[in-house]
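Student: Please take me through one part of this model in close detail. I would like to follow the sheet strand by strand, with whatever packs on it.

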Amino acid sequence: MGGNLFKLGRLPQAQYAVIETELREYLDRKMGDQYRIPRYYRSKADFGDVDIIISDAAIQSTWQDLRMQIVQDLGIEQYKSAGAVFSTVYQHFQVDYFCKEQAFFESTYHYLSFNDIGNILGKIFKRFNLKYGEQGLQYVFRRTDGHFQKDLPVSLDFARIFAFLDLDYAHWERGFDTLDEMFRWATASPYFSIKPYEEQDATTAKRVKERHTMQRFIQWLQENRITQTFTFQEERDAYLPMIEAFFPEAHLLKKIEQERQREGFVQQLRGKYSGQVVMRLFPELQGKALGEFMRKFEAQWEDHEAVLAAMEAHEIESRLKVFKT
């Protein structure tokens, strides 16, 4: 995103619209309903690229094959690939394709629509210990030792996700004419606070530096004398009952309890099974090779932590040696 990879510059909306229309005509024939182009506010003056989200359900063989088909079909001569992101030059303009799991296809589309609104909402959700992003809404579980965290799914229903912040989903569906309208929509949440923008951490400062829309947002806050703050409770787990009540189908408290039990197993494993234990047995295993070996060893059990925690140290060592051979 951003259109800086090939240093091609930006296009006014009228020229961008021609390119997007051509791409939609091709993608409609090629992929049917298995692609999305994120929405933008209607008065947006210029664009740095076209972002296209592709569901992995559109892949008939491999992602590499699909990329090469796009290159051939559209006569692409310049392109770069990095994992699930495929960047091309079409009509002397950058076009980025993002391959996403079908389960998170629509949520990625929602999150990437309307510039940096997703990032602005994400800062509000963060105060509830929630993560808002391409996989919808998730709860960030952290073990007490601080060395492990896991994102637990909460919701992929964006009408409900926005309702949690008292935001008007119908307005989102209609779209926005201007940045001003978009900013007013986001800051209408009673939970919005200007503090993250007045007291910027390193992540926010970097985002503001790199994203013109975020610079405009901070300027807009100042020009409109937005002083709104919301005093969140210091202990973020205090909001768990509220989250559980709003999204009962997520069974969040049950999932957290399961993770706490797993944490107990990990504590029992200390000294019996770890990367250091494995390296002591097999000094030749280092770095990626060590990680790959441990992943394959653990894959023997659905819940390897519970199984290994019940074993004695000598039994784990014996199993490691047998597996290694």
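Tutor: Start at one edge, with a single residue pair. Tyr35 sits across from Ile54, a residue of β4. Keep in mind that this is a predicted model.

The strand β2 is linked to β4, residues 50–55, by two bridges. The two run antiparallel.

Now the whole sheet. Five strands make it up, in the order β2-β4-β7-β6-β5. The sheet is open, and its pairing is mixed. The edge strands are β2, residues 35–36, and β5, residues 79–82. Each has a single partner strand, so one side of each has no neighbour in the sheet. As background, strands in a sheet pair through backbone hydrogen bonds, in a parallel or an antiparallel sense.

Go to the other edge. Four bridges connect β5 with β6, and the sense is antiparallel. One residue pair here is Ser81 and Phe86, with Phe86 in β6. The two strands form a hairpin, with two residues between them. Gly83 lies in that turn and has a positive phi of about 65 degrees.

Next comes β6 itself, residues 85–90. Five of its six residues are buried, so the strand is mostly covered; buried here means under 20% relative accessible area.

On its other side, β6 meets β7. Six bridges join these strands, again in an antiparallel run. Tyr90 has Phe93 of β7 as its bridge partner. This pair of strands also forms a hairpin with two residues between the strands. Gln91 takes a positive phi there, near 55 degrees.

Then the helices. Helix α1, residues 13–31, lies across β2, β4, β6 and β7, the last of these spanning residues 93–100. Its direction is at about 15 degrees to β4. Helix α3, residues 105–112, lies across β2, β4 and β7. For α3, the angle to β4 is about 165 degrees.

One site elsewhere in the chain is worth a look. Gly264 belongs to helix α12, which covers residues 252–269. Its relative accessibility is 22%, so Gly264 counts as partly exposed. The cut-off explains the label: partly exposed runs between the buried limit, under 20%, and the exposed limit, over 50%. Ala309 is 45 residues away from Gly264 along the chain, yet their C-alpha atoms are 9.0 Å apart.

How values were computed:
Residues numbered from 1 in each chain as written. Predicted model: local features only at pLDDT ≥ 70, side-chain atom pairs only at ≥ 80, totals over all residues. Heavy atoms only, no water. Pairing = 2+ DSSP bridges. Contact = heavy atoms within 4.5 Å. Axes fitted to C-alpha atoms, helices over the stretch in contact; angles between N-to-C directions. Buried < 20%, exposed > 50% of the residue type's maximum accessible area, 1.4 Å probe, protein only.
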